[in-house]
Amino acid sequence: MTSFDPSALLVSRSKTADEGAIIRMSQRARELRANGTDVVSLTLGEPDFDTPVNIQAAATAAMNAGLTHYSPVMGIPELRAALSKKLKAENGLDYSANEICLANGAKQAIANAILSIIEQGDEVIMLAPFWVSYEITVRFAGGTPVVLHSTVEENYKVPAGRIAAAITPKTKLIVLNSPSNPSGAVWSKPELEELAEVIKAHPHLMVLSDEIYEYIIFDGEMSSIGALPGMRERTITINGFSKGFAMTGWRLGYAAAAEPIARAMARMQSAISAGANQFVQRAAIAALEGPRDSVERMRKEYQLRRDMVQGGLNAIAGVRIGNIPATFYAFPDVSALLGKKAGNHVLDTTDAMCDWLLDEHHVATVPGTAFGAPGSIRLSFACSEAEIGKAMARMQTGLGSLI
Ligand SMILES: Cc1ncc(COP(=O)(O)O)c(C=O)c1O
């Protein structure tokens with residue numbers, strides 16, 4: 001009898017869906033910890049705070065009231081109405097409840113959107129550094145990612161002129177993420193206005209605007225591109241509860257778009273999963289309409305940590321970091337240190353540098369290759385100040401010793 005090899009059945013799509021470096025580095029950090037090593041892990045993009053108690057209480061009450069059944073695919077009407085109100089009041093976005101589709105996490109909302117409008121032959125402009133999931137999903141849909149790079153000196157924002165020059169008749173979508181994972185960049189209103197003009201000059205071009213970090217801003221202001229004149233129909237706005245409300249494990253996100261697109265996204269979701277969790281949606285109403293003091297408390301805490309990380313990285317020769325106006329990530333450019341030696345070991349890539357930092361100095365970070373920017377590394381500062389202090393001291397010693 002011949003032996004059966006299940007891996008021989010895998011199609012290329014299954015290999016596309018590889019989150020690579022983030023998972024690899026967090027897994028390696030966990031393994032070292034399990035062996036007793038005192039590792040500081042700055043890998044995962046997950047708030048270290050628990051979900052505020054008023055939100056937890058609303059979920060419990062909903063469960064006790066028997067709201068444990070399937071929800072409508074687009075989400076419960078009460079939450080869609082609350083979101084329509086929120087988007088208008090906080091973001092100036094004009095979406096009716098019928099144009100909002102809840103999903104099992106913003107990640108699923110992004111997949112619903114991309115699968116609805118991208119197919120073989122379509123080009124999608126991605127602004128590096130970018131969150132890796134966009135690229136994976138575009139490839140999944142058969143589309144071609146067109147990656148445009150920006151530098152730390154440009155505050156990691158690709159100028160509108162360079163975006164305009166990359167548009168071809170095949171370009172259908174631009175992915176925008178402000179505030180950005182991994183760079184923390186925030187696009188100002190004038191910068192978005194410039195980008196909007198570029199988009200409106202093309203008959204078949206849309207933007208997917210991922211605004212999930214909107215509540216974690218320290219400097220500057222949140223602006224939504226879909227609120228600009230003529231952009232409502234051309235924008236798919238993505239948002240969710242994971243980051244600002246510390247609800248990663250609850251899995252609730254949403255997309256807002258013109259009704260035909262919102263309905264198509266719901267069809268994708270219906271085919272792949274179903275409506276988002278019913279009692280979580282009830283809790284989300286409490287998150288939106290209840291007190292926001294815990295959201296503000298978390299934001300202030302991230303800001304203190306941002307100051308520590310920015311100051312700590314700035315003190316290391318060869319590390320370039322600008323101001324981090326938002327999120328809980330730092331994305332320093334370390335390209336000036338590549339090619340240097342740690343003992344006999346040459347650190348010629350950020351992958352090698354991150355492995356070395358973990359093995360020798362017990363700090364886990366993520367190489368920029370995971371974000372389309374191989375000269376930088378990402379540090380998540382969603383961890384305690386004590387851990388950040390330890391990580392900064394270790395990185396200063398480690399990177400300072402390279403020759
Ligand atoms: C930019 C960005 N968008 C979306 C998500 C996914 O959020 P959710 O937990 O709601 O799926 C993340 C999570 O890391 C993210 O960084």
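**View 1. Strands at the wall of the largest cavity.** In this predicted model, two strands each hand at least two residues to the lining of the largest cavity: β3, spanning 123-128, and β5, spanning 171-177. Of the elements here, β5 gives the most, with 3 residues in that lining.

**View 2. Inside the largest cavity.** Here's the space itself: the largest cavity holds about 120 Å³. Its lining runs to 18 residues, and the ones closest to the centre are Leu127, Pro129, Asn177, Ser180 and Trp187. What's the chemical make-up of the residues in the lining of the largest cavity? They split into 12 nonpolar, 5 polar and 1 charged.

**View 3. The second largest cavity.** Next up is a space of about 40 Å³, the second largest cavity. Who's around it? Leu83, Lys86, Glu214, Tyr215 and Asn239 are among the lining residues, and so are Gly240, Phe241, Phe245, Tyr254 and Leu288. Two elements put two or more residues each into this lining, namely α4 (77-91) and β7 (235-240). By type, the lining of the second largest cavity comes out as 6 nonpolar, 2 polar and 2 charged.

**View 4. Cavities across the whole model.** Zooming out for the tally: how many cavities of 30 Å³ or more turn up? The count is 4. Among them are the largest, with about 120 Å³ of space, and the second largest, with about 40 Å³. If you're picking spots to look at, β5 is one of the strands on the lining of the largest cavity, while α4 is one of the elements on the lining of the second largest.

Technical notes: Residues numbered from 1 in each chain as written. Predicted model: local features only at pLDDT ≥ 70, side-chain atom pairs only at ≥ 80, totals over all residues. Heavy atoms only, no water. 1 Å grid on protein atoms, 1.4 Å probe; cavity = no way out; pocket = protein on both sides within 12 Å on 5 of 7 lines; lining within 4 Å. Points joined across faces, edges and corners; volume = space filled by probe spheres on them. Helix = DSSP H or I, 4+ residues; strand = E, 2+ residues; numbered from the N terminus. Nonpolar A, V, L, I, M, F, W, Y, C, P; charged D, E, K, R; others polar.
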